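User: I'm new to this structure and would love a close look at a single part of it. Could you pick one pair of charged side chains and walk me through what surrounds it?

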Amino acid sequence: MVTTAPQGSRAPAREQLAALARDGGAWPEPWRHAVGALRDDARGAAVLLLFGALDRVPAGHAAASVPRDLDVLLLARAATLGHHPGQVAFPGGRLEPEDGGPVGAALREAEEETGLEPDGVDVLGTLGELPVPVSNHLVTPVLAWWSRPTPVRAVDAAESAHVFRVPVADLLDPARRRTVTVRRERRVHKSPGFLVEADGREHLVWGFTGGILDALFDRLGWTEPWDRTRTLDAPL
């Protein structure tokens, strides 16, 4: 049984995240945001779920369960990429032999994509692997706390269009929540979505990243009731 923080808990966010990692990080099964099935040659990958305290812009929304300065690091992928072009994602990528596992891969990719200094990141633990059939990867989320934040940016324009920090309270704002639909032939796939704004730019977080945030917030007891009938078409 996984223990989660009760709704409205004021325990420090870092403590709640660390407790989640210690619990083993299992996800609801089956993972309903996977469209299709992995092939036998699926590659391992890792993403960095990096939380910390904003140093500039607090949340506009006053959430019951998190402080206004709690944030998470995201990036908008370049529109020219072959997989998930233009989508908002966590820093991350494929595991390489020299990484030594998901933690090393997540930190290396985050440094390459955003310019952050890994020495300022405290790794809290890993969560359960998740399938991404569209790119044939089995992804391990690495949960971390930014103990010493450093400036971030889009290091390689061929990989990332925008690197930004988003207040978690704004992600929890029911007014910013949407159900995002993808229509392919006769099938309709739905995933949780979040409307965000950073550095004067607007983004829609959906798909794999939106699903992780949605499930993570549920597990932590942070989710606020929102209207799931409010929909948007995925920006494909």
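Analyst:
**One charged pair and its surroundings**

R14 is partly exposed, with a relative accessible area of 34%. Keep in mind that this is a predicted model. The partner of R14 is D122: their side chains meet in a salt bridge, with 3.5 Å from N to O. R14 sits in helix α1 (residues 13–22) and D122 in strand β5 (residues 121–126), so the bridge ties together parts that are 108 residues apart in sequence. D122 is partly exposed as well, at 27% relative accessible area. As a general point, side chains of opposite charge can pair when their charged atoms come close.

Now let's look at the helix that carries R14. The buried residues of α1 are A13, Q16, L17, A18, L20 and A21. These buried residues pack against β1, β2, β5, β7 (137–146) and α4. Just after the helix, G24 takes a positive phi of about 105 degrees. Further along, in the loop between α1 and β1, you will find P30. The peptide bond leading from E29 into P30 is cis, with omega near -10 degrees. For background, most residues other than glycine have a negative phi, and most peptide bonds are trans.

One residue that touches both partners of our pair is W145, whose contacts include R14 and D122. W145 belongs to strand β7 and counts as buried because its relative accessibility, 15%, falls under the 20% cut-off. Apart from residues up to four places away in sequence, W145 also touches A13 and L17, along with L50, F51, G52, A53, L70, G120, V121 and L124.

F51, one of those neighbours, leads us inward. Leaving out residues up to four places away in sequence, F51 has contacts with L17, L70, D71, V72, L143, A144, W145, W146, V168 and L216. F51 is also among the five residues that touch the most other members of the largest nonpolar core, which has 45 residues; the other four are L49, L143, V168 and W222. Helix α4 (residues 207–220) gives the most to this core, with seven residues. There is also a second, separate core of 16 residues, including L75, A106, A110 and A144. This fits a general pattern: in soluble globular proteins, nonpolar side chains tend to be buried together.

Back to charged pairs, for some company to the one we started with. The structure holds 11 salt bridges. One of them joins D71, a contact of F51, to R165, at 2.6 Å from N to O. This pair links distant parts of the chain, with D71 in strand β2 (residues 70–77) and R165 in strand β8 (residues 160–167), 94 residues apart. D71 is buried, at 1% relative accessible area, and R165 counts as buried too, at 15% relative accessibility.

Another bridge joins the side chains of D214 and R32, at 4.0 Å from N to O. Here D214 lies in helix α4 and R32 in the loop between α1 and β1 (43–53), 182 residues apart. D214 counts as buried, at 4% relative accessibility, whereas R32 counts as exposed, at 51%. If you want to place D214 relative to W145, the two are 19 Å apart in space, C-alpha to C-alpha, and 69 residues apart in sequence. Elsewhere, D99, R108, E109 and E112 are linked in a network of salt bridges.

R165 has one more role in this picture: together with L54, R56, V57 and D199, R165 lies nearest the centre of the second largest pocket, which is lined by 19 residues. The space in this pocket is about 370 Å³. The elements giving two or more residues to its lining are β8 and β10 (187–198), and β8 gives the most, with four. By class, the lining has 10 nonpolar, two polar and seven charged residues. D199, another of those central lining residues, is in the loop between β10 and β11 (201–205) and has a positive phi near 55 degrees.

Terms used:
Residues numbered from 1 in each chain as written. Predicted model: local features only at pLDDT ≥ 70, side-chain atom pairs only at ≥ 80, totals over all residues. Heavy atoms only, no water. Core = buried A, V, L, I, M, F, W, Y, C linked by side-chain atoms within 4.5 Å. Buried < 20%, exposed > 50% of the residue type's maximum accessible area, 1.4 Å probe, protein only. Contact = heavy atoms within 4.5 Å. 1 Å grid on protein atoms, 1.4 Å probe; cavity = no way out; pocket = protein on both sides within 12 Å on 5 of 7 lines; lining within 4 Å. Points joined across faces, edges and corners; volume = space filled by probe spheres on them. Nonpolar A, V, L, I, M, F, W, Y, C, P; charged D, E, K, R; others polar.
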